[in-house]
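Student: Could you walk me through this one, fold first and then the details?

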Amino acid sequence: MKILITGGAGFIGSATAKKLMDRGDKVILVDNFNDYYDPKLKYDRIKKFLKGYKFTLYKVDIRDEKKMEAIFKRERPDKVIHLAAMAGVRYSLENPKLYADVNIMGSLNLLELARKYKIKNFVFASSSSVYGNNKKTPFSESDSVDTPISPYAASKKADELLAHVWSHIYGLKITALRFFTVYGPWGRPDMALFLFTDAITKGKPINVFNRGKMSRNFTYIDDIVSGIITVLDANLPYGIMNIGGDREETLMRYIEVLEKNLGKIAKKNLLPMQLGDVPTTVADIRKLKKLGWKPTTRIDEGIGKFVEWYKEYYKK
Ligand SMILES: NC(=O)c1ccc[n+]([C@@H]2O[C@H](COP(=O)([O-])OP(=O)(O)OC[C@H]3O[C@@H](n4cnc5c(N)ncnc54)[C@H](O)[C@@H]3O)[C@@H](O)[C@H]2O)c1
């Protein structure tokens, strides 16, 4: 199979590419290497993390219709994993138009190309943030998600709606995966685990929002990748699926496990809740489990692997 991955230099995209190539699939990566966070990490994922692998890489913006079409025309991928997006919740409050442009118009380009080039399965990244401040937990795919609380969340919900249209009208096979807080080696520098590790290592205080009264189904990168590939292989008609760890963990325990792994206690700034953020994202993952997938890495192991990578990469 030839799989085109957008956001291929990203955290989840590069890890997915590696796993697909390990099993013999051909991979085409598209990424614009933007500077939302240090692009060096994106280039290093390509040069170091994917060292020794053979793949084709295009430095192209998914909003560029002509260049994207040229890629589809030349490469003729069988399937698409669409992960390129502006991903941070907080940054979306400052740059709502950019989020609408990349996440909605960019995704629309991909859907159109998937239709035109008869893509056999289109799997794309939605987010647990679409559940907003929903009170009923765990969050289930059948719950109403009509009240997002950030431009980022609204853009992902819009993607789900557009994807339904393209599936309904053109018969495309599409699955939207709602990712729940992904972490692990080569992770994003704007996310809590990275920020905390960086600050604790440097002896700086960490910002603990909502005074630590938060909980998450943290999801280890390998579990996300195996879930994406399960769905990629399943070729389902339109559907939405949660993909998350199988345990609700509090933010304070997450920090404790990190402190244990770093051998240092964090100085904590206990702060109020941030605008756009949600206190709890807990996943009902029964739907994806029915396809035979299950998460296997708990935070004790996963945070250890992250810290190992962080120390090696930054030579701390
Ligand atoms: N990491 C998480 O916890 C999480 C949670 C929920 C949803 N998601 C979603 O999963 C997907 C992947 O996230 P990630 O954590 O790997 O983030 P990431 O930022 O590491 O990866 C996204 C990649 O997309 C690229 N990109 C952004 N805009 C682009 C554009 N216009 N054209 C081409 N490439 C572009 C970026 O350069 C980046 O390499 C995103 O859609 C994100 O919204 C992630």
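Tutor: Sure, starting with terms: two strands count as paired if DSSP finds at least two bridges between them. Helices (H or I, at least four residues) and strands (E, at least two) are DSSP runs numbered from the N terminus. This is a predicted model, where local features need pLDDT of at least 70 and side-chain atom pairs count only at pLDDT 80 or more, while totals for chains, interfaces and linings use all residues. Residues are numbered from 1 along each chain as its sequence is written.

Student: In what order do the strands of the seven-strand open sheet run?

Tutor: The pairing in this sheet is parallel. β3 (56-59) and β11 (239-243) have a single partner strand each, so they stand at the edges, with one side of each left without a neighbour in the sheet. Put together, the order is β3-β2-β1-β4-β5-β6-β11.

Student: What is the average twist from one strand to the next?

Tutor: Angles here run from 0 to 180 degrees between N-to-C directions, and axes are lines fitted to C-alpha atoms, for helices over the stretch in contact. On that basis, the twist averages 20 degrees.

Student: Which residue in β5 is the bridge partner of K79?

Tutor: Strand β4 (residues 79-82) runs parallel to β5, and four bridges join them. In β5, the partner of K79 is N121.

Student: Helix α6 packs on this sheet, so which strands does it touch?

Tutor: Contact means that C-beta atoms, placed from the backbone, lie within 7 Å. Helix α6 (residues 151-170) has a direction that makes about 155 degrees with that of β5. The strands touched by α6 are β5, β6 (174-179) and β11.

Student: How are α5 and α6 oriented to each other, roughly parallel or roughly antiparallel?

Tutor: Angles under 35 degrees count as roughly parallel, over 145 as roughly antiparallel, 65 to 115 as roughly perpendicular and the rest as oblique. The axes of α5 and α6 are 9 Å apart and make an angle of about 15 degrees. α5 and α6 are therefore roughly parallel.

Student: How many nonpolar residues does the contact of α5 with α6 have?

Tutor: From α5 come residues including Y99, I104 and L108, which meet a set in α6 that includes Y152, L162 and W166. For classes, Ala, Val, Leu, Ile, Met, Phe, Trp, Tyr, Cys and Pro are nonpolar, Asp, Glu, Lys and Arg are charged, and the others, Gly among them, are polar. Three polar and three charged residues take part in this contact, and the nonpolar count is 13.

Student: What about α9 and α11: is the crossing left-handed or right-handed?

Tutor: Helix α9 (residues 251-262) and helix α11 (residues 299-313) pack at an angle of about 50 degrees, with axes 9 Å apart. That makes α9 oblique to α11. A crossing is left-handed if the near helix is turned anticlockwise from the far one by less than a right angle, and right-handed if clockwise. For α9 and α11, the crossing is right-handed.

Student: And the ligand: which element gives the largest share of the shell around it?

Tutor: A residue is near a molecule or strand if its C-beta atom, placed from the backbone, lies within 6 Å of it. The ligand is surrounded by 28 residues, with G7, G10, A85, A125 and F179 the closest. Elements giving two or more residues are α1 (11-22), β2 (26-31), α5 (96-116) and β5 (121-127). The largest share, three residues, comes from α1.

Student: Which residues does a cis peptide bond join?

Tutor: Look in the loop between β5 and α6, where P138 lies. Omega is about -5 degrees there, and the bond joins T137 and P138.

Student: Where is F33, with its positive phi?

Tutor: Phi of F33 is near 50 degrees, a positive value in a residue other than glycine. F33 sits in the loop between β2 and α2 (39-49).

Terms used. Contact = placed C-beta atoms within 7 Å.
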